[in-house]
Amino acid sequence: MTTMNLFGLLPLFAALPAYRQLLEQIVSGEAPGPLHLPRNAWPPLLARLYADLGRPLLLVTSRVDAVPVWQQDLAAWLPPGVEATRFLEPTPLPYERGPWSEGSRQGRIQVLSRLTAPTLPFGEPDATAPLIITSVRALMQKTLPRQRFVSGIRQLRTGQIIDMDRLLRHWVHVGYDPVAVVEAPGQFSQRGGILDIYPLDAPWPTRIELFGDEIESLRAFDPATQRSVDGGTALLERIVVPPAREAMPGELRDLGQVLAEEAPPRDDDLPSWQDDVPALAA
């Protein structure tokens, strides 16, 4: 079902003195007080603020199940072609030992990459600043520091000279899995002078063809057919590969060795995080 777009009504906010005052407060860095607005007034107000400010906005909800409701409500008011982005919660509950789903891991990295990209030395301004909706539970999950996330990003461009062994070690360090055939985000493979990499924030994996140590070409390909997208006619000038995990595997061995020495398991311990220490140290 297509949602009616009401973005054309938002210029009416400019005639409201209360809205102009709120916008001036936000632009000047002053924290506005409680607005005491009804629930139905928030989606058009947020959409108008998003359009006027032109900067990333973050909406935090108290409940996880409220996030898709806000996404649906905002869809009717945002400019055409703009969608609210969700910063996902980890699959396990807080303090629950369990694996994360690929969707949670990928979705969180995509948001972090988009927020970071415009600030990189080789980054480009985001044509549309993100409007991010998330829950308190998603924000409670600690992530890696921004500087460490940035240090894990690599840009590859046509004509660049690379050290293949060093690049492959780096991809393992930041959480990419070496495989025979790349089929899913977070994987890479190497066959002679061809490298395949599927960045976590990319719609398609990229095939990197080398001539010696020089990148000769970059092509997006379909993982289902292993054939180039658009028949191979669309060459890429560059790709940016972010970390694949918020806990980088390359740093876990040192952590495991420290924990093994300072917090060794005891005979009367119940199953806990200490069960993972031997695997981390290895």
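Begin by selecting helix α7 and its surroundings: the buried residues of α7 pack against α6 (146-151), β4 (154-157), β6 (187-191), β7, β8 and β11. Here helices (H or I, at least four residues) and strands (E, at least two) are DSSP runs, numbered from the N terminus, while contact means heavy atoms within 4.5 Å. The model is a predicted one, in which local features need pLDDT of at least 70 and side-chain atom pairs count only at pLDDT 80 or more, whereas totals for chains, interfaces and linings use all residues. Residues are numbered from 1 along each chain as its sequence is written, and side-chain values use heavy atoms, with hydrogens and water left out.

**Stop 1: helix α7**

Select Met164, Leu167, Leu168, His170 and Trp171, which are the buried residues of α7; buried means under 20% relative accessible area, exposed over 50%, and partly exposed in between, with a 1.4 Å probe and protein chains only. These residues cover an arc of only 160° around the axis, which puts them on the same side of α7, the arc being that of the directions from the helix axis to the C-beta atoms. Turn to the other side of α7 and you find Asp165, Arg166 and Arg169, which are exposed. At the start of the helix, a side-chain oxygen of Asp163 reaches to within 3.4 Å of the backbone nitrogen of Asp165, and just after α7, Gly175 takes a positive phi of about 110°.

**Stop 2: the largest nonpolar core**

Next, select Leu156, Trp171, Tyr176, Leu195, Ile197 and Ile208, which touch the most other members among the 30 residues of the largest nonpolar core. Such a core is a set of buried Ala, Val, Leu, Ile, Met, Phe, Trp, Tyr and Cys residues joined through side-chain atoms within 4.5 Å. The elements that give two or more residues to this core are α4 (102-116), α7 (164-173), β7 (194-197), β8 (206-211), β9 (214-222) and β11 (238-241), and of these α7 gives the most, with 4 residues. Centre the view on Trp171 and you can pick out its contacts with Leu156, Tyr176, Phe188, Leu195, Ile197, Ile208 and Val241, not counting residues up to four places away in sequence. A second, separate core has 24 residues, including Leu45, Leu53, Leu59 and Ala66.

**Stop 3: the open sheet and a charged network**

Now show the strands, where 6 of them form an open sheet in the order β5-β6-β7-β8-β9-β10, with mixed pairing. Two strands pair if DSSP finds at least two bridges between them. The edge strands, each pairing on one side only, are β5 (177-178) and β10 (227-228). At the β10 edge, β9 and β10 pair in the antiparallel sense over 2 bridges, and Phe221 stands opposite Ser228 in β10.

Within the sheet, select Asp196 and Arg207, which form a salt bridge whose closest N and O atoms are 2.9 Å apart. Asp196 lies in strand β7 and Arg207 in strand β8, so the pair ties together parts that are 11 residues apart in sequence. A salt bridge is a side-chain nitrogen of Lys or Arg within 4 Å of a carboxyl oxygen of Asp or Glu. Are Asp196 and Arg207 buried or exposed? Both Asp196 and Arg207 are buried, and adding Arg191 to the selection shows a network of salt bridges that links Arg191, Asp196 and Arg207.

**Stop 4: helix α3 and strand β1**

Move to helix α3 (residues 67-75) and select Val67, Trp70 and Leu74, which are buried. They cover an arc of only 60° around the axis, which puts them on the same side of α3. The buried residues of α3 pack against α2 (42-53), β1 (57-61), β2 (85-87) and β3 (131-135).

In β1, colour Leu57, Leu59 and Thr61, which make up the covered face, separately from Leu58 and Val60, which make up the uncovered one. This strand runs parallel to β3 and is joined to it by 5 bridges, with Thr61 opposite Ser135 in β3.

**Stop 5: further salt bridges**

The structure holds 10 salt bridges, and one of them joins the side chains of Asp73 and Arg39 (2.8 Å, N to O). Asp73 lies in helix α3 and Arg39 in the loop between α1 (17-28) and α2, so the pair ties together parts that are 34 residues apart in sequence. Asp73 counts as partly exposed at 27% relative accessibility, and Arg39 is also partly exposed, with a relative accessible area of 33%.

Finally, select Arg63 and Asp65, whose side chains meet in a salt bridge (2.6 Å, N to O). Arg63 counts as exposed at 51% relative accessibility, whereas Asp65, with a relative accessible area of 44%, is partly exposed.

Terms used. Polar contact = N/O pair within 3.5 Å; in protein donor to acceptor, adjacent residues only side chain to side chain.
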